[in-house]
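Colleague: Please take a close look at one kind of side-chain pairing in this model and at the part of the fold that surrounds it. I would like a single connected account that a first-year student can follow.

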Amino acid sequence: MADSILEMREVTKRFPGVLALDGVNFQVKPGTVHALMGENGAGKSTLMKCLFGIYQMDRGSIVLNGEERHFNSAADAMHAGVSMIHQELSNVPERSVAQNIWLGREPLNALRLINHRKMLDDTRKLLEDLNFDFDPAARMSSLSISRQQGCEIARAVSYNSSIVVMDEPTSSLTENEVAHLFAIIRDLRARGVAIIYISHKMEEIFQIADDVTVMRDGKVIGTFPVKTLTGDKLISLMVGRDITHRFPPVESSIGERCLEVRNLTAANPRSFRNISFELRKGEILGIGGLVGAQRTELVEAIFGVRPAASGEILVHGKLLKRIRPQDAIEAGIGLVTEDRRSSGIFPLLNITVNTAIASLGKYKTKIGMLDHRKLTSEAVKQNKQLKTKTPSMGTLVQNLSGGNQQKVILSRWLMTMPDILIMDEPTRGIDVGAKYEIYMIMAELVKQGKAIIMVSSEMPELIGMSHRVLVLCAGVLTGTLEKSELTQESIMRYATQFS
Ligand SMILES: Nc1ncnc2c1ncn2[C@@H]1O[C@H](COP(=O)(O)OP(=O)(O)OP(=O)(O)O)[C@@H](O)[C@H]1O
Ligand SMILES: [Mg+2]
């Protein structure tokens, strides 16, 4: 294709035990948004890391603007006009926004020293241009995830990139931030920039993308104009079969009360206050609300990771004297955290250890030794059930694809067999096929009489899986919706109560 800005030809990349990319051909036109879709572990991030010089491909070539190029490092790629905003944010937390943006190419003064004033001025201009309202001198670690990501976008723009890769950029953004990001994307596109956009969120693809390339098992299935696709068609291309139901039936009987939260108020005055609710055996209780509603803070306080100022938690009618994670685990509560990057994953340990780590107490032999065999076989079983894609259980978790890391965390908590499982955004970053597996497991758990609290930003998921939904807005419980009342509109109404 003569009009491509980028052509990747026959790209092959092997990792120990996995053929991650198998002769991939991929072409992108300038001034378009090109979505890259596929199941967890399909090879999307790997393909982009090959383009960006982070991985060296085993075979294949990259043609940029008609010229064959080879990048040995990300810095090479950036200088050639290719930028990437990573699935895992990659900035230096102790440095300022400006320092991060100009890292390695700081403006110098006549004495060849860093010209801090110019650096700050340039950054201010850049941020203004993008409508970001944060301080160029702020420390990176003091900014929210979305602002940190904003800095990465600003850096991409500062290089005048002709190709910008975004790997699941919206996973922790609020609705407004997503709208802002999309405005920036449209603006870049109008300037002729090609954007390669990776996301598991189907609605986003139909909103923003011009073309879609679907990958499966390291191969390209095809490239299609978005206009020619429907959601169902796209799903079947991704998973290789039709998915007729997005949610399994939840057939549990609701039993006695297993958790009661009374007037729980966070220690942090800007967080949630006076939250009271009950959870029953066999129930899936959804918690909805916009990003910033303090849903994560609430479930973390119930689990004891965050301090509460006042309030009571009763498990099976018994008041928890202290609320610390070990007490919560002992009382039969498990928490699947939302953000696998900062909490939860031990990247340098293997899958077995990552899965088993919360269950060590449960697998002791009579003489108090760890029963390694049982522990390992249970860890294997849990990951098999969720179809974690990996060459072996000994693989380091950092080498798994993003979605598969999420599955390992889920396996960990399923293995502790909690009576009450709290799941914070359980399917974030998970592909459509695997989402269904997770829903099936949820349905099975409540059928066995367990109870689930599910925090989710995905309306269809809240509506499709919950018996009841609590809605939070700015730290206040604004509504409780029964199954029959659940619609996108009713949830949104309570979620935006104070705006
Ligand atoms: N550094 C690495 N070492 C070993 N294996 C790796 C490494 N990086 C990726 N892989 C493997 O390559 C395959 C493709 O992974 P990749 O991260 O590209 O998937 P993905 O399509 O981005 O998935 P997701 O949607 O979950 O992010 C996976 O099987 C993964 O385990
Ligand atoms: Mg990925």
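Modeller: A salt bridge is counted here when a side-chain nitrogen of Lys or Arg lies within 4 Å of a carboxyl oxygen of Asp or Glu. Side chains of opposite charge can pair when their charged atoms come close. The model is a predicted one, in which local features need pLDDT of at least 70 and side-chain atom pairs count only at pLDDT 80 or more, while totals for chains, interfaces and linings use all residues; side-chain values use heavy atoms, with hydrogens and water left out. Residues are numbered from 1 along each chain as its sequence is written, and chains are lettered from A and ligands numbered from 1 in the order in which they are written.

By this rule the model has 23 salt bridges, and one of them joins Glu 425 to Arg 295, with the closest N and O atoms 3.9 Å apart. This pair links distant parts of the chain, since Glu 425 sits in the loop between β17 and α14, whereas Arg 295 belongs to helix α9 (residues 295–303), and the two are 130 residues apart. Helices (H or I, at least four residues) and strands (E, at least two) are DSSP runs numbered from the N terminus. Both partners are buried, a word that stands for under 20% relative accessible area, with exposed meaning over 50% and partly exposed in between (1.4 Å probe, protein chains only): the relative accessible area is 5% for Glu 425 and 6% for Arg 295.

Elsewhere, salt bridges that share partners join Arg 257, Glu 260, Arg 262, Glu 278, Arg 280 and Glu 312 into one network. Within that network, the side chains of Arg 257 and Glu 278 meet at 3.0 Å, N to O. Arg 257 lies in strand β11 (residues 257–266) and Glu 278 in strand β12 (residues 275–280), so this salt bridge ties together parts that are 21 residues apart in sequence. Here the partners are partly exposed, with a relative accessible area of 39% for Arg 257 and 26% for Glu 278.

Another salt bridge, also with an N to O distance of 3.0 Å, is formed by the side chains of Arg 189 and Asp 210. Arg 189 is in helix α6 (residues 175–190) and Asp 210 in the loop between α7 (202–208) and β9, 21 residues away; Asp 210 is partly exposed, at 29% relative accessible area.

We can now return to the surroundings of Glu 425, whose loop begins after β17. Strand β17 belongs to an open sheet of six strands with mixed pairing, in the order β16-β17-β18-β13-β19-β20, where two strands pair if DSSP finds at least two bridges between them. The edges of this sheet are β16 (333–336) and β20 (476–482), each of which pairs on one side only, and the twist from one strand to the next averages 20°. Strand β17 (residues 420–424) runs parallel to β16, and four bridges join them; in one of these, Ile 333 has Ile 420 of β17 as its bridge partner.

Two helices lie across strands of this sheet. To read their angles, note that axes are lines fitted to C-alpha atoms, for helices over the stretch in contact, and that angles run from 0 to 180 degrees between N-to-C directions; contact itself means heavy atoms within 4.5 Å. Helix α13 (residues 402–415) lies across β16 and β17 and runs at about 180° to β16. Helix α14 (residues 432–447) lies across β13 (284–288), β17 and β18 (451–455), at about 145° to β18.

A further acidic residue, Glu 461, is found in helix α15 (residues 459–465), where it is buried with a relative accessible area of 1%. Leaving aside neighbours within four places in sequence, Glu 461 is in contact with Phe 247, Pro 426, Thr 427, Tyr 439, Met 454, Ser 456 and Ser 466. Its C-alpha atom is separated by 30 Å from that of Asp 327, a residue 134 places away along the chain.
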